[in-house]
Amino acid sequence: MTETHTERREKAIRAAVRVAGRLGMSVSAPVILKDSNHTSIHLGPLPIVARVVASKSAHSAGTRLARELSVAEHLARAGAPVVAPTVDIPPGPHFEDDWAMTLWEYVAHRPVEEGDGAIAAEALRRIHGALAAYPGQLPSFAAAIDACCRLLQAENGLPSLPQTDKDFLLAEHDRLRRLPAMAGATPIAIHGDPHLGNVLMTPEGPRWTDWESACVGPLEWDLSFLPEMSRAVVPAVNEELLAVLRDLRSVCVAVWCWAEPDRAPEKREAAEYHLRRLRDRSRAA
């Protein structure tokens with residue numbers, strides 16, 4: 001029997017509450033703040049948020065989440081505008097049944113708006129400066145792009161996506177990867193997935209979250225996730241490369257979202273939007 005959206009959320013809450021209990025915390029009012037790739041749960045009344053993800057492999061999830069915590073802790077020590085992992089409570093990674101999670105400080109915030117793009121980009125610019133001194137190893141941004149290609153090529157990949165759309169996305173992926181502009185990329189340490197859904201607007205200004213996709217890649221890859229208005233607060237960039245990466249990002253987001261289109265309403269919306277965007281651009285060309 002297929003697990004419902006509500007059942008999955010309830011299981012994530014129970015797993016987070018059990019981990020909190022093992023760590024000596026009493027949680028009486030857990031509240032889901034966000035439910036996308038991760039389920040973010042405010043462990044009320046404590047000022048702590050658990051970011052919970054389903055994990056079929058504890059080892060792979062643990063390695064990935066440990067790196068995320070390492071990046072976030074480095075940025076917090078550097079005074080960068082980020083949400084920090086917990087300090088008094090071990091941030092993890094923690095495991096409960098088929099769930100893996102990390103613990104973060106809760107910060108009061110309001111929903112992000114499209115008009116927040118410029119100040120979010122300015123905060124991201126400061127983060128790039130702090131990331132330059134990160135001492136650990138980060139994967140190449142190409143690793144995520146290649147993973148999308150493998151999913152498109154898999155015989156049973158993306159079962160909700162018609163074959164004609166899979167073929168189109170794979171052709172776009174291959175075309176974009178071969179464009180000469182891709183050779184002009186200058187790699188630096190970047191966020192890797194800086195859409196506005198990963199920003200919390202606090203009384204002190206924007207705080208960036210979600211470092212699981214932190215990687216080494218061109219600045220333009222991070223900029224491809226942000227609204228056009230953000231361009232006014234960043235250094236000069238390779239505009240041709242930025243245009244290519246905006247399209248390549250649409251390919252990747254479409255693939256990531258079509259992999260689980262019913263996980264959350266915004267997943268299907270994003271899946272359909274980016275596929276439609278690419279189709280429209282292809283017809284215009």
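**Exercise 1: a surface patch**

Work out which residues make the nonpolar surface patch of about 230 Å² in this predicted model.

*Solution.* Start with the members: Val31, Leu33 and Tyr106 make the patch. Next, place Val31: you'll find that residue in strand S1, which covers residues 29-35. Then check its cover. Val31 has 42% relative accessibility, so it counts as partly exposed.

**Exercise 2: cysteines**

Find out how many disulfides the structure holds, and explain why Cys215 and Cys252 fit that count.

*Solution.* The count is zero. Remember that a disulfide is a covalent bond between the sulfur atoms of two cysteines. The cut-off here is 2.5 Å between those sulfurs.

- Take Cys215: the closest cysteine sulfur belongs to Cys252, and at 11 Å that's too far for a bond.
- Now Cys252: its closest cysteine sulfur sits in Cys148, 3.7 Å away, again too far for a bond.
- As for cover, Cys215 is buried at 4% relative accessibility, and Cys252 is buried too, with a relative accessible area of 1%.

**Exercise 3: helix H8**

Check the span of helix H8 (residues 265-284), then work out which of its residues are buried and which are exposed.

*Solution.* First the span: at 1.5 Å a residue, the 20 residues of H8 should cover 28 Å, and the end C-alpha atoms lie 29 Å apart, which agrees. Now list the buried residues of H8: Lys267, Ala271, His274, Leu275, Arg277 and Leu278. They take up an arc of only 150° around the axis, so they lie on the same side of H8. In an α-helix there are 3.6 residues a turn, so residues three or four places apart point the same way. Finally, flip to the other side of H8, where Pro265, Glu269, Arg283 and Ala284 are exposed.

Key: Residues numbered from 1 in each chain as written. Predicted model: local features only at pLDDT ≥ 70, side-chain atom pairs only at ≥ 80, totals over all residues. Heavy atoms only, no water. Patch = residues over 30% accessible without salt bridge, like charges linked within 9 Å, V, L, I, M, F, W, Y side chains within 5 Å. Areas by Shrake-Rupley, 256 points an atom, 1.4 Å probe, with all protein chains shown as cover. Salt bridge = Lys/Arg side-chain N within 4 Å of Asp/Glu carboxyl O. Helix = DSSP H or I, 4+ residues; strand = E, 2+ residues; numbered from the N terminus. Buried < 20%, exposed > 50% of the residue type's maximum accessible area, 1.4 Å probe, protein only. Expected span 1.5 Å × (residues − 1). Arc of directions from axis to C-beta.
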